[in-house]
Amino acid sequence: MAHAQSVAIDPIEARQAFSSIPTSSVSTQSAIILINGQSITPLTPQDEAHPVPMGHTGHLVWSMIALRLADEGILDLDARVSTHAPDLIADDPFEVPEQIKHLLLSNAGFVVPDWYRENGPAPSQDKPHVYMTKARSAGHIPYDDPAGRALLAYILSNITGKSPQDLIQAELLAPLGLGPDAVRIDGANYPAFLAPAVGLYTTEDGLGALATVLATNRLQNGSRYLSRDLFKTFITTPQWFMHPMGRRQTFAGQLETIKGHPALLVGDTTHCRGPLIYAAPNDGIGFVFIPSRQTQQPAICNNNQYKNEARKLLDSVFPGATQKDGQNDANKITSISRLSGIYVRDDSPSLWLGQKYQAVANTALEIKMLGDGSLEVTRQGQEAKRYFTQAPLYFTSEDGQTLIFSVRFSNGYIELDGHIYRYAGFLGNTRTLVKPAAWMLLLLLTAGVYAFSQDGRSWRSLGRFGPIGAVCISTGVYLEATYLPHILYETNADYLIILWRIMLNVGIMLTLSVAFFALSLTRRTPSAQGVLRHLVPLHLILLCAAAFYTVYLTIAWGLAGEIRPY
């Protein structure tokens with residue numbers, strides 16, 4: 001039985017709509033495909049000579065395979081990851097346990113490798129445990145998570161006893177009637193563990209077949225790829241949401257609603273890592289956009305423009321009036337905590353200190369709640385912009401931009417311009433973070449004037465611990481901020497990270513000792529004469545404050561007490 005299709009998109013109309021996207025964005029290396037039921041219509045000249053890097057969209061491959069295995073009773077989506085990969089993931093009683101469904105939702109919380117974030121060359125070292133480093137607890141914001149995709153492929157391979165490529169052939173390509181090159185893994189240019197996640201390549205025919213299944217759940221012979229109930233769970237049932245009117249996530253991608261019809265977005269609209277699929281699964285319509293046949297990440301990202309045009313086309317063929325998704329549910333929100341504060345972009349989480357600082361320096365924005373309930377958003381180097389309340393935790397500006405706060409996590413996340421920001425508070429302000437820290441370390445160095453004091457051992461200890469602590473901390477922070485990614489991903493010298501972190505923590509302990517020495521010595525009379533005699537108590541108070549402030553910053557940035565490299 002074929003998929004019942006009530007509406008269809010005219011290819012000529014679609015071609016005209018997409019031609020409005022600037023030609024500087026849609027280049028000769030781009031491709032657009034239209035899906036109407038089982039009909040696949042290229043809207044641009046096809047070129048099968050170039051395999052297409054899948055990038056973020058490769059997540060769909062492993063999601064479809066995982067759901068098919070769940071359909072066969074082989075995989076439990078609620079199972080803990082540690083059950084299937086105990087060699088990589090250990091249960092932590094103080095953390096939310098990672099489950100298979102978190103890998104499908106791309107919110108297991110793993111760190112994004114810095115070379116992947118920057119679209120740089122992949123390292124030759126294969127270090128799976130490094131990629132299992134956590135940036136946040138499982139269940140938070142979904143994002144482009146290559147480590148989570150790699151872990152999912154690893155688990156599915158272990159469960160079935162098949163290599164990742166054989167698994168793709170058996171559970172995806174063969175049912176779709178596709179050849180082995182339709183989706184293949186490049187194992188030569190990527191570490192073996194990550195290759196199934198970041199080294200997936202496809203063809204235009206392969207993408208068209210994937211989009212067809214996403215839009216219809218039908219194979220060429222008319223049979224279903226997934227059972228009816230599981231397809232509904234897979235495609236149209238939100239498994240995670242940020243706000244009733246905001247981002248919702250299924251096991252396949254982001255879910256939107258157009259005049260009551262579900263629409264699924266698979267891919268990345270902000271970084272353009274790979275192609276984009278936009279499908280209306282209940283109506284058998286889908287679109288595929290390939291920003292570049294040759295690169296993982298093109299210089300110009302127009303995926304969001306493409307998605308908006310596809311949405312307009314669907315809106316034009318669906319009957320009824322446009323409506324706000326989730327408005328009624330949003331109006332039920334009553335518990336609203338802090339909204340004002342400093343937020344930092346965090347849609348690609350990292351534990352590297354250098355990346356954290358760059359995020360604060362370049363992406364921080366400040367939100368202030370005004371008396372009329374509107375918000376004022378100030379970005380660095382830009383004028384403040386007003387956002388007005390449309391529903392609880394949902395705001396829009398005069399030019400139509402939306403600012404959405406997460407219902408969960410104490411409103412700790414916002415979505416603005418398609419990007420995710422997290423609440424940073426004090427740590428999001430470089431003026432209270434970096435500049436004072438440098439002055440505090442310099443102040444600790446001045447404790448050296450007491451290194452050879454004749455007033456007692458406590459004074460001499462203060463004079464030695466201050467400079468040594470300052471040097472250890474500044475050196476450790478410099479190494480952490482400069483060399484961590486290189487050592488972690490490109491070498492086997494993890495012991496160097498352990499050594500500098502030991503040095504850093506020794507410096508923290510010495511600095512904390514300075515604070516206690518300074519407090520105890522404020523009641524003693526130094527042997528200094530004249531004006532210096534009256535300046536020493538003030539100097540001790542300043543040393544105490546500098547020591548506590550420095551230790552506080554190392555704790556806040558997650559440096560204190562951390563010795564392991566990952």
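**Exercise 1.** In this predicted model, work out how helix α16 and helix α17 are oriented to each other.

Solution.
Step 1. Locate the helices: α16 spans residues 457-490 and α17 spans residues 494-521.
Step 2. Take the geometry of their axes, which come within 7 Å and cross at roughly 150°.
Step 3. Apply the cut-off: angles over 145 degrees count as roughly antiparallel. Helices α16 and α17 are therefore roughly antiparallel to each other.
Step 4. Add the handedness: the crossing of α16 and α17 is left-handed.

**Exercise 2.** Find which helix gives the most to the nonpolar surface patch, and classify L442 as buried, partly exposed or exposed.

Solution.
Step 1. List the residues of the patch: W439, L442, L445 and V471 make an area of about 420 Å².
Step 2. Assign the helix: α15, residues 434-445, gives the most, with three residues.
Step 3. Place L442, which lies in helix α15.
Step 4. Compare its relative accessible area with the cut-offs: buried means under 20% and exposed over 50%, with partly exposed in between. At 48%, L442 is partly exposed.

**Exercise 3.** Describe the phi angle and the location of N119 and of N217, then decide how accessible N119 and N217 are.

Solution.
Step 1. Recall the background: most residues other than glycine have a negative phi.
Step 2. Read the angles. Phi of N119 is positive, near 60°; phi of N217 is also positive, near 60°.
Step 3. Place the residues. N119 sits in the loop between α5 (114-117) and α6 (128-131), and N217 in the loop between α10 (204-216) and α11 (228-235).
Step 4. Classify them. N119 has 38% relative accessibility, so N119 counts as partly exposed. N217 has 3%, so N217 counts as buried.

Definitions and conventions: Residues numbered from 1 in each chain as written. Predicted model: local features only at pLDDT ≥ 70, side-chain atom pairs only at ≥ 80, totals over all residues. Heavy atoms only, no water. Patch = residues over 30% accessible without salt bridge, like charges linked within 9 Å, V, L, I, M, F, W, Y side chains within 5 Å. Areas by Shrake-Rupley, 256 points an atom, 1.4 Å probe, with all protein chains shown as cover. Salt bridge = Lys/Arg side-chain N within 4 Å of Asp/Glu carboxyl O. Helix = DSSP H or I, 4+ residues; strand = E, 2+ residues; numbered from the N terminus. Buried < 20%, exposed > 50% of the residue type's maximum accessible area, 1.4 Å probe, protein only. Axes fitted to C-alpha atoms, helices over the stretch in contact; angles between N-to-C directions. Parallel < 35°, antiparallel > 145°, perpendicular 65-115°, else oblique. Left-handed = near helix turned anticlockwise from the far one by under 90°.
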